[in-house]
Amino acid sequence: MTQTDSLRPMVHAALFVALICVGAFIAIPIGPVPIVLQNMFVLLAGLILGPAWGTACVAVYLLIGLAGLPVFAGGTSGIGKIFGPTGGYLLGYLPAVLVTGAISRFLGQTPFRDILAMIGGSIMLYGVGVPWLKLAFSLSWGQALALGLIPFLLGDAVKIAGAVVMARKIRPLLKE
């Protein structure tokens, strides 16, 4: 392995950190949890970087946001975001990217398998985010699902379709 080969995944991870940050600025407030593009880039990082580098990328993103750089949804930041309604979604990015990357590596990289991987990652994301939202606002399960899951399903399907197309275009470029 050359020095360039060992540097390449770090550069790719840094680029995905930047994409996740940009995706967070594209936020549409619809309630306590906004619609954002950052989750698409988180799952795309799992597809492209794999479980280890994808998780490292998301960990760096979370750390810089917790340290105070305005990289969370709508340009917010700080450790207080973890204790708010979107904290579970932010923390859920870690298992989401890990699962997406692991499923993608295990099943192989076809569009259908990429979709399955991203659905698995989304389940992890909502599996952490919705219960967190329920606790943060003392909601019933029905209310938490109505505020933190159902409004996002259609948009997530569109994001998954877009990410699969992007993954098909990006993968060959990164192998050069």
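So, cavities. If you search the whole structure, you get two cavities of 30 Å³ or more. Keep in mind that this is a predicted model.

Take the largest cavity, with about 190 Å³ of space in it. There are 17 residues lining that one, and those closest to its centre are Val33, Pro34, Val36, Tyr89 and Tyr93. Which helices are involved here? At least two lining residues apiece come from H2, which is 38-66, from H3, from H4, and from H6, which is 153-175. H3 gives the most, with three residues. As for the chemistry of that lining, we have eleven nonpolar residues, three polar and three charged.

Now the second largest cavity, at about 40 Å³. Lining this one are Asn39, Met40, Leu43, Ser122, Asp156, Lys159 and Ile160. H2 and H6 turn up again, each with at least two residues in the lining. By class, you're looking at three nonpolar, two polar and two charged residues.

Okay, over to the surface. There's a nonpolar patch of about 690 Å², and the residues making it are Phe106, Leu107, Phe112, Ile115, Leu116, Ile119 and Ile123. Helix H3, that's 87-107, and helix H4, 111-137, each put in at least two residues. Which helix gives the most to the patch? That's H4, with five residues.

Let me pick out one of the patch residues, Leu116, which sits in helix H4. Is Leu116 buried, exposed or partly exposed? Its relative accessibility is 35%, so Leu116 counts as partly exposed, given that buried means under 20% and exposed means over 50%.

How values were computed: Residues are numbered from 1 along each chain as its sequence is written. This is a predicted model: local features need pLDDT of at least 70, side-chain atom pairs count only at pLDDT 80 or more; totals for chains, interfaces and linings use all residues. Side-chain values use heavy atoms; hydrogens and water are left out. Patches are made of residues with over 30% relative accessible area and no salt bridge: like charges are joined within 9 Å, nonpolar side chains (Val, Leu, Ile, Met, Phe, Trp, Tyr) within 5 Å. Accessible areas come from the Shrake-Rupley method with a 1.4 Å probe; for residues, only the protein chains shown count as cover. A salt bridge is a side-chain nitrogen of Lys or Arg within 4 Å of a carboxyl oxygen of Asp or Glu. Helices (H or I, at least four residues) and strands (E, at least two) are DSSP runs, numbered from the N terminus. Buried means under 20% relative accessible area, exposed over 50%, partly exposed in between (1.4 Å probe, protein chains only). On a 1 Å grid over the protein atoms alone, a cavity is a set of points where a 1.4 Å probe fits but cannot get out, and a pocket is an open set with protein on both sides within 12 Å along at least five of seven lines; lining residues have an atom within 4 Å of a point. Grid points are joined across faces, edges and corners, and a volume is the space filled by probe spheres set on the points. Ala, Val, Leu, Ile, Met, Phe, Trp, Tyr, Cys and Pro count as nonpolar, Asp, Glu, Lys and Arg as charged, and the others, Gly among them, as polar.
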